[in-house]
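Got your viewer open and a cartoon view on screen? Let's take a walk through this one, a stop at a time.

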Amino acid sequence: MGCCNKLCGLKAGIGAGIAVAILGIILIPVGNNIIRETVTKESVIEPGTTAWNNWVSADAPVYRQFWLFDVQNPLDVVENGSKPKLVEKGPYTYKTRYLPKENITANPENHTISFLLPAGAIFEPSMSVGSEEDSVTSLNLAVAGGYKLFPPWVLEAAIKLNNVSLFQRRTVREILWGYKDPILKGTLGLFFPYNGTYDGPYSVFTGKDDISKVSIIDSWQGEKKVSFWNNTYCDMINGTDGSSFSPFLDKKKPLYFFSPDISRSVSAEYERSLNLKGIEVYRFKLPPLTLASPAVNPDNQCFCTDSVVSKNCTLAGVLDITSSRGQPVYISLPHFLHGSPYLVEDVEGLGPSEEHHVTFLDVEPTTGFSLRFAKRLQVNMMYGPSKIITVLKKVKDYTILPIVWLNETASLDDETADRFKKELLSRVDMLETVQFTLIGLGSAAFVLCAVAHCLVSRNNNKLV
């Protein structure tokens with residue numbers, strides 16, 4: 001009778017173990033729903049959420065590093081039509097995006113929120129190779145711009161009147177932020193005006209009604225699309241601004257974001273998973289097809305606006321943004337990465353590198369927050385042959401010349417990483433731990449009771 005009681009107790013223990021394990025399994029979808037609800041709530045752009053605090057003002061400092069190309073043989077280029085020899089000088093680093101968003105206005109009728117993004121740049125000497133007053137020999141912006149915008153005889157007269165040439169010696173500060181140009185009689189600079197200006201206004205979805213739309217741009221500068229490309233596809237504003245995406249990322253799907261710097265939307269593809277300060281992130285990179293020639297990527301046909309410079313739209317790696325900038329500016333990846341080979345061959349001193357020159361985003365997959373990024377772009381201008389303009393008479397062919405490349409980058413610091421893990425990921429980890437603890441305890445109880453059952457059965461057999 002005692003043996004029967006023991007067996008009954010063991011069976012009850014086994015049953016309890018199975019019940020606990022089953023409870024843990026049953027709780028998995030329940031726990032997953034709780035996790036989704038928690039993450040969804042914290043990802044909505046509204047006061048009181050984790051997303052709101054990071055959205056209003058980025059905790060991690062954003063820096064723009066500039067590398068300028070110093071032309072070593074300007075006279076040889078003008079007098080003999082030689083290849084420009086370039087030496088990269090940099091980085092010259094500025095702190096940017098340190099100002100919080102302004103004019104934040106909620107639009108509950110369509111679940112969007114509007115804002116302005118103020119622009120500012122503070123020079124960081126400790127993160128730079130020299131002073132803003134360092135001098136660089138670079139392409140004369142007015143001459144290069146005038147080559148495409150003015151009749152040849154007008155530009156020739158302006159060059160002679162002001163005693164300028166195809167190249168000029170300017171400081172880093174002047175080239176980046178502006179100087180008084182003798183030809184145009186106004187301020188000219190690659191990024192002028194910048195300080196005291198605003199990007200936007202933007203209007204983005206808060207995700208309140210549909211979390212899959214969170215941070216997606218509804219309008220920019222009051223419009224649902226841009227008007228630079230005269231094409232429905234190329235003029236689309238797709239995705240977010242790149243700072244965050246909808247939660248629960250699917251690595252098989254690309255991420256879309258709009259970049260006003262290049263006046264178009266682009267996509268990034270999953271490359272690999274990484275550990276960033278104890279947080280798993282997915283690295284998404286700009287694919288080579290982004291700036292491929294229309295012959296390789298037909299979707300880029302509408303970005304080809306100049307058949308002469310693009311050699312009948314066969315040019316790869318360069319985006320002509322003249323229509324949006326009002327000046328003949330060409331954007332590429334640094335050192336013409338993924339560009340047509342002749343772009344690198346037309347000058348000396350370039351060395352494209354996937355590691356140093358590609359654009360990437362490191363995104364936390366559960367929340368969709370970008371925790372580290374590097375946006376890398378190169379600003380180029382073009383000059384070509386001319387029978388009238390003296391400084392261009394020896395030039396043999398159109399040359400797209402690099403002026404500067406930039407790396408806009410940010411990464412969360414240790415304090416932000418700890419807070420991120422504590423505020424959000426710790427809740428997710430706790431729920432998952434409860435689920436698997438129940439499964440583990442139930443499984444352990446089942447195994448222990450099964451072993452005990454075998455031992456009792458063996459003893460009973462011996463007694464018989």
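One word to learn before we set off: a residue is called buried when its relative accessible area is under 20%, and exposed when that value is over 50%. Keep in mind too that this is a predicted model.

**Stop 1: the disulfides.** Select the cysteines that are bonded to each other; the structure holds 2 disulfides. Start with cysteine 304 and cysteine 313, whose sulfur atoms sit 2.0 Å apart. Now apply your new word to cysteine 313: it has 14% relative accessibility, so it counts as buried. Next, look along the S-S bond of cysteine 304 and cysteine 313: the torsion there is about -90°, which means this disulfide is left-handed.

Now select cysteine 234 and cysteine 302. These two also form a disulfide, with 1.8 Å between their sulfur atoms. What is the handedness of the link between cysteine 234 and cysteine 302? It is right-handed, with 75° about the S-S bond. Cysteine 234 belongs to the loop between β11 (217-220) and β12 (255-259), while cysteine 302 belongs to the loop between β14 and β15, so the pair ties together parts that are 68 residues apart in sequence. Cysteine 234 and cysteine 302 are both buried. Counting bonded cysteines along the chain, the disulfides follow the pattern 1-2, 3-4.

**Stop 2: phenylalanine 303.** Click on phenylalanine 303, in the loop between β14 (279-285) and β15 (318-320). Is phenylalanine 303 buried or exposed? Its relative accessibility is 9%, so it counts as buried. Try a distance label from its C-alpha to the C-alpha of cysteine 234: you should get 6.9 Å, although the two are 69 residues apart in sequence. Then show what phenylalanine 303 touches beyond four places in sequence: Trp229, Cys234, Arg264 and Leu319.

**Stop 3: strand β1.** Select residues 62-71, which make up strand β1. All 10 of the 10 residues are buried, so the strand is largely enclosed by the rest of the structure. Turn on the side chains: Val62, Arg64, Phe66, Leu68 and Asp70 point one way, and Tyr63, Gln65, Trp67, Phe69 and Val71 point the other way.

Now add the strands that pair with β1. Strand β2 (residues 86-96) runs antiparallel to β1, and 9 bridges join them. Find tyrosine 63, and opposite it in β2 you'll see lysine 95. Strand β19 (residues 399-411) pairs with β1 as well, again in the antiparallel sense, over 6 bridges. Here, look for arginine 64 and its bridge partner in β19, glutamate 408.

**Stop 4: serine 203.** Jump to strand β10 (residues 198-205) and pick out serine 203. At 6% relative accessibility, serine 203 counts as buried. Which side chain makes a polar contact with the side chain of serine 203? It's threonine 112, at 3.4 Å. Residues that serine 203 touches, beyond four places in sequence, include Asn107, Ile113, Ser114, Ile216 and Asp218.

**Stop 5: helix α4.** Finish by selecting residues 141-149, helix α4, which is mostly covered, with 7 of its 9 residues buried. Among the buried ones are Leu141, Val143 and Tyr147. Last of all, show asparagine 140, which caps the N-terminal end of α4. A side-chain oxygen of asparagine 140 lies 3.1 Å from the backbone nitrogen of alanine 142.

Note on methods:
Residues numbered from 1 in each chain as written. Predicted model: local features only at pLDDT ≥ 70, side-chain atom pairs only at ≥ 80, totals over all residues. Heavy atoms only, no water. Helix = DSSP H or I, 4+ residues; strand = E, 2+ residues; numbered from the N terminus. Buried < 20%, exposed > 50% of the residue type's maximum accessible area, 1.4 Å probe, protein only. Polar contact = N/O pair within 3.5 Å; in protein donor to acceptor, adjacent residues only side chain to side chain. Contact = heavy atoms within 4.5 Å. Pairing = 2+ DSSP bridges. Disulfide = S-S within 2.5 Å.
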